[in-house]
Amino acid sequence: MLLTVDIGNTNITMGIFDGDSLCFTSRLATDRKRTEDQYAVELLNIFKLHKTKVSEFKGAIISSVVPEVTEALRRAVVFVTGKNPYVLQSDIGSGLKIINNAIGQVGADIAAVSVAAVKKYPLPCFVMDLGTATKIILIDENEMFLGCTISAGVRISLDALSDRTSQLPAISLHAPETSIGTNTVDCMKSGTVFGTAAMLDGLTKRMEKDFGKEVKSTIATGGLSKEIVKNCEREVIYDANLILEGLKYIYEENA
């Protein structure tokens, strides 16, 4: 079995693969103050919950955009599984083809989802990754990462609305029946869900125009993408575990 771990700014996402089958996924809150031992306890509890024997792991891979958590979690994985994980902290070592002026500057999460998209979908393609930040990645027909856009994520925007206004509440992320809100909550939902979907449509249209070619597939992933992309005009494929599959491909190439 293979342990794949993605350390994001908000959540740590884990997946266990048995061959090509994803056995289960699990999420932890990213805590920059948590120690190696605390992460080890969390890992052991998750494996126990899913009746997973640590002796069956053949390896592990970690991608991270949170350097202050990487080493503590790496040591925890070594302690629990006995395997020294392959650590990806940028595009270096991912095997992804990247335009020359961006090599070494692409985040590990972006590299991992890009690798998976190249393996799974017709090219050229867009990858929309909606997490703490909202990213739109463009990969050409030669499997080359051409660049991306990065903007504030949905949750950041919602938190800012709630924190910086006196009368706007925290809300759940579900689309209202109409874009024309008649109460505060529906107005916020409309602006967030439909507004983000419109931004995704608009940016991909502009990127496709600048690219000068038709993009054959558009894939969405990330914790906040499922509800949003249902409201896009562009046809979008939702792939919840794209980053974990990308990490599996990267591990297999480097093992």
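A residue counts as buried when its relative accessible area is under 20%, as exposed when that area is over 50%, and as partly exposed in between, with a 1.4 Å probe and protein chains only.

The structure shown is a predicted model, in which local features need pLDDT of at least 70 and side-chain atom pairs count only at pLDDT 80 or more, while totals for chains, interfaces and linings use all residues. Residues are numbered from 1 along each chain as its sequence is written, and side-chain values use heavy atoms, with hydrogens and water left out.

**View 1. The protein chain as a whole is built from seven helices and eleven strands.**
Helices (H or I, at least four residues) and strands (E, at least two) are DSSP runs, numbered from the N terminus. Along its principal axes, the C-alpha trace of the protein chain spans about 55 × 45 × 30 Å. Its radius of gyration, taken over C-alpha atoms, is 19 Å, which agrees with the value near 18 Å that a compact globule of 255 residues would have; the globule rule behind that value is 2.2 Å times the number of residues to the power 0.38. Of the 255 residues, 49% count as buried. Among the contacts (heavy atoms within 4.5 Å) with a separation of 6 or more, 57% join residues that are 24 or more positions apart along the chain.

**View 2. Six strands form an open sheet with mixed pairing.**
Two strands pair if DSSP finds at least two bridges between them. Read across the sheet, the order of the strands is S6-S9-S8-S7-S10-S11. Strand S6 (97–98) and strand S11 stand at the edges and have a single partner strand each, so one side of each is left without a neighbour in the sheet. At the S6 edge, two bridges join S6 to strand S9 (residues 144–152), and these two strands run parallel. Within that pair, Lys 97 stands opposite Met 144 of S9.

**View 3. Strand S10 (residues 217–221) is mostly covered, with five of its five residues buried.**
In a regular strand, side chains alternate between the two faces of the sheet. In S10, Ser 217, Ile 219 and Thr 221 point one way, whereas Thr 218 and Ala 220 point the other way, and all of them are buried. Strand S7 (residues 125–130) pairs with S10 in the parallel sense over five bridges, and here Phe 126 has Thr 218 of S10 as its bridge partner. S10 also pairs with strand S11 (residues 237–238), again in the parallel sense, over two bridges. In that pairing, Ile 219 stands opposite Ile 237 of S11.

**View 4. Strands S2 and S3 form a hairpin with two residues between them.**
Strand S2 (residues 11–18) and strand S3 (residues 21–29) pair in the antiparallel sense over eight bridges. One of the residues to look for in S2 is Thr 13, whose bridge partner in S3 is Arg 27. In the turn, Gly 19 has a positive phi of about 65 degrees.

**View 5. A cis peptide bond leads from Leu 123 to Pro 124.**
The omega angle of this bond is near 0 degrees. Pro 124 is found in the loop between helix H3 (108–120) and strand S7.

**View 6. Lys 51 and Glu 143 are shown with their backbone angles.**
Although Lys 51 is not a glycine, it has a positive phi of about 55 degrees. Lys 51 lies in the loop between helix H1 (36–49) and strand S4 (59–64), and it counts as exposed because its relative accessibility is 75%. Glu 143, which is not a glycine either, has a positive phi of about 70 degrees. Its place is in the loop between strand S8 (133–139) and S9, where Glu 143 is partly exposed because its relative accessible area is 36%.

**View 7. His 174 is found in the loop between helix H4 (154–164) and helix H5 (184–211).**
With a relative accessible area of 43%, His 174 is partly exposed. Leaving aside its neighbours within four places in sequence, His 174 is in contact with Lys 189, Val 193 and Glu 227. The C-alpha atoms of His 174 and Ser 190, which are 16 residues apart along the chain, are separated by 8.8 Å.
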